[in-house]
Structure formats: C-alpha cells, structure tokens
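Let's take a walk through a protein together. Have a look at the sequence and the 3D picture, and then we'll go through them piece by piece.

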Amino acid sequence: MKANFDLVDDTVCEDVPVVHILSDSLGDTASEVVNAAACQFPDESIRIERLAKVSNIEQVRGYLDSLSDPDKQTAVFHTIVDARLRADVRRELDHRGIPSIDLMGPAITVMSSLTGEEPKNIPGVIHNTDDRYFRRVEAMEFFVEHDDGRNPQDLDKADVILVGVSRTSKTPLSMYLAFLGFKVANVPLALGVEPPAELLSVNPSNIFGLVSSTDVLAAIRQRRLSDDAAFAIAGSYADPQEIDVEQDDARKFMKRLGCIIINTEGKAVEETASEIIEHIESIRKTRAALAE
C-alpha cells in the first residue's frame with residue numbers, strides 16, 4: 001500500500017529527518033508509538049511516512065529504493081507479525097545501515113513465553129470485528145443519545161454518568177470513554193436549572209462530578225463568546241464571580257449525590273478517563289471480594 005504521511009503539513013521543511021513505519025497490517029500501532037514520541041519534540045522536527053500492508057520483502061526493498069534522498073537522516077519502526085518476514089525486514093534494514101526498532105517481535109516472544117502458546121502470526125487481528133468492536137459501537141450510540149442531559153430516563157443503564165458545569169470536559173470525556181466501550185451519559189449542572197430527578201435514584205458509584213478552576217473555565221468560556229455581541233448577551237457566562245457561584249452550587253449537589261469529584265484542570269481527557277477507570281475497577285474488585 002502506498003506510503004502516506006502522519007505528521008505532515010504545508011510548513012514541514014524538506015530536510016527534516018524521516019521516520020518510516022512498515023507494517024503488514026495498517027501500521028496504526030507503530031503510528032501511535034511514533035506520534036507519542038514525536039510529541040516530545042518541537043513541531044515539525046520529524047516527518048513520518050507509512051508503508052502498510054507489507055506482504056513480502058520485495059515491497060520493502062522497492063519502497064526503500066524509491067526514497068528520493070538515501071542520505072537523509074532516517075529510521076524505521078516496524079510492526080511485522082509474520083516471523084519470517086520480520087526477520088527479512090530486519091536483515092534488509094541492517095544491510096542498508098538504517099536504524100530500526102521492532103515493535104512487535106519482542107512483545108510476541110514475551111507473550112509466547114508467558115502463555116506457552118505459539119502466536120497466530122495473523123496480521124491485523126486487532127482490527128477484526130469482535131465483541132469488543134460491537135461494545136464500542138453500542139457505547140458510542142449510547143453516548144450520542146445521552147449527551148448534554150438527553151434521555152435522563154436511561155441513566156440507570158449507563159456505566160458512567162458525568163455531571164458538571166459547562167466547559168468541564170463532559171462531552172469530550174464521554175466520547176473518549178465511549179470509544180473504550182463504556183456507556184456514558186453526561187448531565188450539565190446550571191444555576192436555576194433543576195437536574196433530572198433520575199440522578200438521585202442511580203448508584204452514586206457510577207456518577208463522577210467534574211470541576212475545574214474558575215480561571216480556566218472563564219478563559220474557555222470567553223473564547224466561546226468570540227465576539228462583542230455574544231459577550232454582551234451572555235457575558236455572565238464567562239464572569240468569574242458567576243462561575244464561582246455556579247461551581248459552589250454544583251459541588252453542593254455533587255455532595256448530595258455522594259459521587260466522586262474529579263478536578264479536570266490541566267488534565268488531558270485521557271488522564272481524567274484513566275482516573276475514572278481506576279475508580280471503576282477499584283469498586284468492581286471490592287464488590288467481587290465481598291461476594292466471595
């Protein structure tokens with residue numbers, strides 16, 4: 001499959017080093033690793049190119065031969081499942097003196113040793129349609145139907161319920177957790193608006209209250225009110241004093257619910273999601289221990 005670019009825009013300089021991703025599947029696994037590493041460096045420090053669906057060493061040789069500048073600073077990250085092809089790729093890269101990292105081979109070797117089983121050696125198995133895939137689809141559908149307080153009658157069907165004032169990352173966090181397979185509903189808390197009664201009847205261990213600092217919320221809300229006319233109409237929305245009152249009221253309601261409160265300030269969505277999942281797993285383990 002033709003190589004494509006992962007982190008390239010019109011401003012990328014032609015003489016930057018290139019990381020090539022080779023995969024006998026789509027190359028998404030290696031791409032995630034390389035992108036995560038590239039984020040530790042200044043923007044446009046690295047260019048990433050990908051060659052997917054590699055099935056034989058001739059493809060790799062042809063791809064490497066086609067590179068416009070063989071002297072350019074370059075490295076290869078590869079995720080080749082087939083052991084024979086993986087060895088061929090490694091030999092070819094070593095022969096050409098190209099630095100490379102095998103992201104798949106060592107992991108397969110360790111897991112084979114742990115399980116005592118031989119690997120399937122089937123590329124792209126992770127992308128197969130299975131129960132996890134259908135759970136994610138169902139969770140995404142649930143999120144769409146229960147975003148921003150919609151269909152509160154279904155709150156007892158949610159794995160996770162997020163509550164909080166506007167701009168505490170309820171929707172992006174809901175979307176991320178849904179992608180991981182959790183059924184998530186989120187409910188906004190606003191001054192003068194009575195939260196749905198169903199919140200008081202669901203298990204509080206499934207509810208997570210999201211809070212942030214007044215300064216962060218005010219800055220985000222001011223950006224949302226992009227022009228003077230909007231600010232004149234809804235200026236209190238971004239007023240720090242109003243936000244203080246709003247969050248105080250929300251915290252009182254969260255304490256009434258008995259839910260876990262999480263501060264999202266300065267946290268990536270993934271970080272907050274990890275914190276929530278840790279709480280969920282801890283609760284599940286406690287319940288399992290009590291049931292024994």
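We'll begin with the whole protein and then visit a few spots inside it and on its surface.

A quick word on ground rules: this is a predicted model, where local features need pLDDT of at least 70 and side-chain atom pairs count only at pLDDT 80 or more, while totals for chains, interfaces and linings use all residues. Residues are numbered from 1 along each chain as its sequence is written, and side-chain values use heavy atoms, with hydrogens and water left out.

So what do we have overall? The protein's secondary structure comes to 10 helices and 9 strands; these are DSSP runs numbered from the N terminus, H or I with at least four residues for a helix and E with at least two for a strand. Of its 292 residues, 37% are buried. Buried means under 20% relative accessible area, exposed means over 50%, and partly exposed is in between, using a 1.4 Å probe and protein chains only. Now take contacts (heavy atoms within 4.5 Å) between residues at least 6 apart in sequence: 77% of them join residues at least 24 apart.

Next, look for salt bridges, where a side-chain nitrogen of Lys or Arg sits within 4 Å of a carboxyl oxygen of Asp or Glu. The whole structure has 14 of them. Helix α3 (residues 83-96) is a good place to start, because arginine 91 and aspartate 88 are 3 residues apart there, about one helical turn. These two form a salt bridge, with their closest N and O atoms 2.4 Å apart. Arginine 91 is exposed at 52% relative accessible area, and aspartate 88 is partly exposed at 23%.

Another pair in the helix is arginine 96 and glutamate 92, whose closest N and O atoms are 2.8 Å apart in a salt bridge. Being 4 residues apart in α3, they too are separated by about one helical turn. Arginine 96 is partly exposed at 31%, whereas glutamate 92 is buried at 9%. Salt bridges that share partners join this pair with Glu58, Arg61 and Asp65 into one network.

Which residue meets arginine 90 in a salt bridge? That's aspartate 102, at 3.4 Å from N to O. This pair links distant parts of the chain, 12 residues apart: arginine 90 is in helix α3 and aspartate 102 is in strand β5 (residues 100-102). Aspartate 102 counts as buried because its relative accessible area is 17%, while arginine 90 is partly exposed at 35%.

Now let's hop to some loops. Is serine 212 buried or exposed? With a relative accessible area of 6%, serine 212 is buried. You'll find serine 212 in the loop between β8 (207-211) and α7 (214-224). Leaving aside neighbours within four places in sequence, its contacts include Thr168, Gln247 and Asn263. Glutamate 118 lies in the loop between α4 (105-115) and α5, and at 71% relative accessibility glutamate 118 counts as exposed.

Last stop: helix α5 (residues 131-145), home of tyrosine 133. Tyrosine 133 counts as partly exposed, at 37% relative accessibility.
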